[in-house]
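This briefing sets out the strand arrangement, the pocket and a few selected residues of one protein chain. The sequence and the structure are shown first.

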Amino acid sequence: MSFSGKYQLESQENFEPFMKAIGLPDELIQKGKDIKSVSEIEENGNNFKVTVTTGSKVLVNTFTIGQEAELETVTGEKVKAVVQRDGNKLKVSLKGIESVTELVDSLTIVNTMTVGGIVYKRTSKRI
């Protein structure tokens, strides 16, 4: 299955505790908690471009599976990391945040980010 497509956030769990744990200011947490972000994924072989639009903020990351890339985190910090593919899952570790993006079926993508025992789960549907 290909990850390529556009997905809109449908539900999320533990948004506020997770964002607090990674140091996002309360003001930004309150602003961001009700915004339904749209993720666009372009997959071309092992090359990926992921664009996440949340309100006026646009985060773009490009990477090749198994190769080090500079990725921007939720807080806007740029870090070097290697994205691995495990079947229908993309896994990466960014500064102590473990992120797994899973293509559950052709319409649903689930992103789980874990930091210090707090699990933030985002479920998005293809649009």
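The points below are grouped by topic.

The model is a predicted one. Its open sheet has 9 strands with antiparallel pairing, and its largest pocket has a volume of about 1100 Å³. A UniProt domain annotation from an unreviewed entry covers residues 5-22.

**Sheet**

- The strand order in the open sheet of 9 strands is β4-β3-β2-β1-β11-β10-β9-β8-β7.
- β4 and β7 (84-86) are the edge strands, and each has a single partner, so one side of each has no neighbour in the sheet.
- On average, neighbouring strands of this sheet are turned by 25° against each other, direction ignored.

**Hairpin of β5 and β6**

- Strand β5 (residues 68-72) and β6 run antiparallel and are joined by 5 bridges.
- A69 has A81 as its bridge partner in β6.
- The hairpin has 5 residues between its two strands, and G76 in the turn has a positive phi of about 95°.
- In general, the side chains of a regular strand alternate between the two faces of the sheet.
- Strand β6 (residues 78-82) has V79 and A81 on its covered face, whereas K78, K80 and V82 are on the uncovered one.

**Strands β7, β8 and β9**

- β7 and β8 run antiparallel, with 3 bridges joining them.
- The hairpin of β7 and β8 has 2 residues between the strands, and G87 takes a positive phi near 65° there.
- Strand β8 (residues 89-94) is joined to strand β9 (residues 97-105) by 6 bridges, and these two strands run antiparallel.
- β8 and β9 also form a hairpin with 2 residues between them, in which the turn residue K95 has a positive phi of about 45°.
- Side chains alternate along β8: L90, V92 and L94 are buried and point to one face, while K89, K91 and S93 point to the other and are not buried.

**K89**

- K89 lies in strand β8 and is the bridge partner of D86.
- K89 also stands opposite E102 in β9.
- With a relative accessible area of 28%, K89 is partly exposed, because this class lies between the limits of 20% for buried and 50% for exposed.
- K89 and E42 are 47 residues apart along the chain, and their C-alpha atoms are separated by 15 Å.

**Annotated segment and K20**

- The UniProt record labels residues 5-22 "domain: Cytosolic fatty-acid binding proteins", in an unreviewed entry.
- Over residues 5-22, the chain is 39% helix and 50% strand, with the end C-alpha atoms 28 Å apart.
- K20 is found in helix α1 (residues 15-21) and is partly exposed, with a relative accessible area of 49%.
- K20 and R85 are 65 residues apart in sequence, and the distance between them in space is 29 Å, C-alpha to C-alpha.

**Largest pocket**

- The lining of the largest pocket consists of 39 residues, and V52, L59, V74, M113 and R122 are those nearest its centre.
- Strand β4 (residues 57-64) provides the largest share of this lining, with 4 residues.
- By residue class, the lining divides into 21 nonpolar, 14 polar and 4 charged residues.

Technical notes
Residues numbered from 1 in each chain as written. Predicted model: local features only at pLDDT ≥ 70, side-chain atom pairs only at ≥ 80, totals over all residues. Heavy atoms only, no water. 1 Å grid on protein atoms, 1.4 Å probe; cavity = no way out; pocket = protein on both sides within 12 Å on 5 of 7 lines; lining within 4 Å. Points joined across faces, edges and corners; volume = space filled by probe spheres on them. Nonpolar A, V, L, I, M, F, W, Y, C, P; charged D, E, K, R; others polar. UniProt positions renumbered as here; feature names shortened; annotations may be inferred. Buried < 20%, exposed > 50% of the residue type's maximum accessible area, 1.4 Å probe, protein only. Pairing = 2+ DSSP bridges. Axes fitted to C-alpha atoms, helices over the stretch in contact; angles between N-to-C directions.
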